[in-house]
There are 2 protein chains.
Amino acid sequence: MQNFDYMTPTRLIFGKGAVEKLPDAIRPYGKRVLLAYGGGSIKKSGLYDKVKVLLADCEIVELPGIHPNPKYDPSVLEGVRLCKEKKIDIVLAVGGGSVLDCCKAIAAGAKYDGDVWDLVTGEKPTLDALPVADILTLAATGSEFDGFAVISRTDTNDKIGYFSEKVYPAFSILDPKLTFTVSKRQTAAGCADAMNHVMEQYFTGDTTLLNDGICESMLRSLMANARACLANPEDYRARAEMMLACTYGCNGILALGNAYSGWPCHAMEHALSAYYDITHGEGLAIITPPWMRHILSDKTLPRFVKYGVNIFGIDATLPPREIAEKAIRATHDFFVSIGIPMTLRAVGIDESRIDEMAHHVAETGGLEDAWVPLAESDIAAIFRASL
Amino acid sequence: MQNFDYMTPTRLIFGKGAVEKLPDAIRPYGKRVLLAYGGGSIKKSGLYDKVKVLLADCEIVELPGIHPNPKYDPSVLEGVRLCKEKKIDIVLAVGGGSVLDCCKAIAAGAKYDGDVWDLVTGEKPTLDALPVADILTLAATGSEFDGFAVISRTDTNDKIGYFSEKVYPAFSILDPKLTFTVSKRQTAAGCADAMNHVMEQYFTGDTTLLNDGICESMLRSLMANARACLANPEDYRARAEMMLACTYGCNGILALGNAYSGWPCHAMEHALSAYYDITHGEGLAIITPPWMRHILSDKTLPRFVKYGVNIFGIDATLPPREIAEKAIRATHDFFVSIGIPMTLRAVGIDESRIDEMAHHVAETGGLEDAWVPLAESDIAAIFRASL
């Protein structure tokens with residue numbers, strides 16, 4: 001078991017009507033609020049109007065139009081500028097993980113004199129940040145319960161994972177009903193994203209009985225509840241369990257003490273969505289089975305056997321190789337069953353930039369230290385097998 | 001799924017050599033430290049000397065002699081007096097859950113003008129507290145990762161669970177090696193305590209696939225690792241997994257959104273250890289199987305079946321009643337196997353005060369609202385069946 005240093009100070013306000021608690025939750029942080037959101041779905045759903053009413057006592061500055069795979073330019077830069085100019089007290093993200101990630105970078109940039117990109121890249125330490133909070137409308141990234149943000153920069157094709165203890169949300173308001181209107185495609189992508197967060201912690205060395213059990217419970221829960229959400233988008237129990245499970249994805253609580261896996265699928269997918277702006281969860285789902293096939297070996301076999309038996313109920317008396325291959329096939333088939341387009345071509349990616357992307361990942365992804373180290377040629381092979 | 005409002009801001013510093021991080025961890029909180037500990041085992045082990053060296057820059061005031069089932073008088077009162085008189089900045093517990101619980105009450109009392117008992121009983125709200133932190137030497141209570149404290153008052157036979165958001169530890173230093181010297185008896189009692197924390201969250205209504213899976217993983221991990229710790233007290237992996245599993249016991253993370261069970265075994269055991277000062281974990285283990293038998297009914301049967309199949313691997317094709325009865329027997333047998341004296345008589349409790357204790361629990365325990373409501377007569381029956 002590895003040493004670790006863990007903290008997640010975020011308050012989770014969860015359940016039906018949780019949004020009503022916004023005024024009480026935000027009060028300790030001040031009255032000047034940067035209200036950030038995405039493409040306007042919160043206006044259609046009525047959430048925008050509700051938040052405005054709940055924050056009637058506050059001075060609100062708006063930052064609309066934050067895109068999926070949120071961008072350094074213009075969203076982060078514009079948010080930082082607004083925070084400084086309007087002397088913002090707290091940044092409130094209303095939306096999914098992309099809006100929240102963007103707000104985390106904004107909150108850090110607002111307390112930094114230089115270019116916020118210095119903080120995102122880790123070139124400079126994040127010494128302070130405005131408080132950031134969120135009302136979540138999508139179950140997927142786990143950003144609502146961690147100190148991570150993923151920020152993209154179009155001019156350099158960088159998609160960088162940023163972490164700071166200073167940007168854990170002060171509070172996250174999670175009302176599962178707000179996810180009733182999430183499309184089937186985004187529901188499936190959210191499930192795939194969260195499942196991959198678990199896999200990145202499960203497929204590694206030095207695991208424990210406890211962590212394996214927690215990760216396996218997560219995977220079974222995510223799969224069962226994704227199916228239920230797709231069958232009935234207004235199934236409260238399924239949406240609620242899905243939302244909570246996704247929340248646990250990235251703050252480490254699923255596998256404290258496990259060896260660090262290198263998060264290989266994320267490193268590879270970040271290149272795909274940096275170059276092609278695809279949906280992160282779909283990119284992850286597409287490359288997962290080819291990655292699994294690529295790393296299957298005598299060393300990794302026992303993990304795949306455990307995964308196959310405990311997640312898919314594969315007969316434990318079969319030969320181990322057969323269990324592992326069935327498990328990888330079942331993973332692929334599950335993603336197909338929830339409607340994910342399971343090839344890169346289906347999401348608009350062809351062969352043309354694979355070597356360039358593989359080179360980019362090899363240079364920046366740190367996968368030579370992964371649980372199963374991946375060289376540039378491995379990464380290119382996994383991308384090609386995903387076409 | 002129930003609404004909830006969850007937060008655990010505590011930083012966990014975990015692993016081999018974690019104690020070395022004490023100076024860095026404590027620095028932000030100040031230099032005047034109340035160093036609280038128990039009966040002197042930390043002097044024998046050398047931990048006391050190590051802490052003194054690590055805190056060479058600090059002004060240390062000592063509060064030794066805190067007992068298991070920590071007492072309002074003298075420990076809490078004395079600690080509060082010292083904090084006020086010496087203008088303490090932070091309360092540092094070095095020991096097990098009892099020392100830490102005592103320190104939480106002290107930290108709250110230090111910032112309160114009246115009698116700290118008002119805060120413990122909840123008669124007055126805890127508006128502020130000194131920061132409290134710990135170096136844990138026993139895997140059991142989970143106090144290192146929650147805002148609870150259990151404080152006993154000898155003159156009234158009260159043993160009260162106190163909660164405040166203000167007394168979450170600022171940090172908890174968890175070095176599994178510090179538990180190598182824990183006796184077999186205390187190791188087993190710690191395991192039983194943590195297992196019961198899980199059961200109090202598992203045996204309830206409105207559970208989820210995710211929470212059930214996490215709770216079941218906890219129980220399997222605790223049982224396997226308790227056996228390994230007893231077989232080899234210096235098995236680092238087993239001590240480490242045990243320590244982490246115990247840490248998750250009480251802050252709610254195992255079962256967010258489950259209905260509240262009423263924590264019936266704790267309510268009953270608190271009377272036993274208030275009247276007889278027995279070891280909490282042993283008291284819990286002793287009453288668990290009789291409580292299970294008492295509440296087994298058509299309503300509760302499916303839970304016991306799930307428990308029996310998933311924890312003890314009982315054949316799922318047997319008749320449900322048979323599975324449940326085997327599961328309860330297996331629970332009893334497991335506690336016997338780790339050396340817990342499994343009758344009240346074996347820990348010095350006879351029939352004489354059972355009715356008085358049952359009356360006390362019925363008056364103060366709130367068990368009429370438990371998952372399976374327990375009246376005074378039920379409580380007395382469970383105590384008698386535990387003799």
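In the predicted model, Val150(B) stands opposite Gly161(B) of strand β7(B). This pair belongs to an antiparallel pairing in which 6 bridges join β6(B) to β7(B), residues 158–163 of chain B. The two strands form a hairpin, with 4 residues between them. Asn157(B) lies in the turn and has a positive phi of about 55°. Strand β6(B) spans residues 148–153, and 5 of its 6 residues are buried. It is therefore largely enclosed by the rest of the structure.

The corresponding elements of chain A take part in a domain contact. Chain A is divided into domain 1, residues 11–178, and domain 2, residues 182–385. Taken over C-alpha atoms, the centres of the two domains are 26 Å apart. Domain 1 of chain A contributes 20 residues to the contact, and domain 2 of chain A contributes 28. On the side of domain 1 that touches domain 2, at least two residues come from each of β1 (4–14), β6 (148–153) and β7 (158–163) of chain A. That side has 10 nonpolar, 5 polar and 5 charged residues.

The relation between the chains was examined next. A turn of 180° and a shift of 0.0 Å along the axis lay chain A on chain B with an RMSD of 0.0 Å. The two copies are thus related as by a two-fold rotation axis. Within chain A, Pro9(A) has the C-alpha nearest the axis, at 1.8 Å from it.

The contact between the chains takes 34 residues from chain A and 34 residues from chain B. On the chain A side, β1, α8 (209–231) and α9 (236–247) each supply at least two residues. Helix α8(A) gives the largest share, 10 residues. By class, the side of chain A that touches chain B has 19 nonpolar, 8 polar and 7 charged residues. Of the interface residues of chain A, 100% are also interface residues in chain B, so the copies meet through the same surface. Strand pairing also links the chains. Strand β1(A) runs antiparallel to β1(B), residues 4–14 of chain B, and 7 bridges join them. In this pairing, Phe14(A) stands opposite Phe4(B).

A parallel arrangement is found around strand β2(B). This strand covers residues 32–37 of chain B, and 5 of its 6 residues are buried, so it is largely enclosed by the rest of the structure. It is joined by 5 bridges to β3(B), residues 59–63, with the strands running parallel. Arg32(B) has Glu59(B) as its bridge partner in β3(B). Another 5 bridges join β2(B) to β4(B), residues 90–95, again in parallel. Here the bridge partner of Leu34(B) is Val91(B).

Helix α7(B) comprises 19 residues, from 184 to 202. From first C-alpha to last it reaches 27 Å, close to the 27 Å expected at 1.5 Å a residue. The helix is mostly covered, with 16 of its 19 residues buried.

Asp235(B) was considered individually. It lies in the loop between α8 (209–231) and α9 (236–247) of chain B. With 17 other C-beta atoms within 10 Å, Asp235(B) is partly exposed. Not counting residues up to four places away in sequence, it touches Ala228(B) and Cys229(B). Asp235(B) and Gly95(B) are 140 residues apart in sequence. Their C-alpha atoms are 20 Å apart in space.

Several backbone features complete the description. A cis peptide bond joins Asp73(A) and Pro74(A), with omega of about 15°. Pro74(A) is in helix α4 of chain A, residues 72–85. In chain B, Asp73(B) and Pro74(B) are likewise joined by a cis peptide bond, with omega of about 15°. Pro74(B) lies in helix α4 of chain B, residues 72–85.

Positive phi values occur in chain A at residues other than glycine. Phi of Asn69(A) is near 50°. Asn69(A) is found in the loop between β3 (59–63) and α4 of chain A. It counts as buried because 20 C-beta neighbours lie inside 10 Å. Asp277(A) has a positive phi of about 55° although it is not a glycine. This residue lies in the loop between α10 (264–276) and α11 (280–295) of chain A. Asp277(A) is partly exposed, with 17 other C-beta atoms within 10 Å.

Notes. Residues numbered from 1 in each chain as written. Chains lettered and ligands numbered in written order. Predicted model: local features only at pLDDT ≥ 70, side-chain atom pairs only at ≥ 80, totals over all residues. Domains from an automatic or database assignment. Contact = placed C-beta atoms within 7 Å. Nonpolar A, V, L, I, M, F, W, Y, C, P; charged D, E, K, R; others polar. Least-squares fit on C-alpha atoms with pLDDT ≥ 70 in both. Pairing = 2+ DSSP bridges. Buried ≥ 20, exposed ≤ 12 C-beta atoms within 10 Å, placed from the backbone. Expected span 1.5 Å × (residues − 1).
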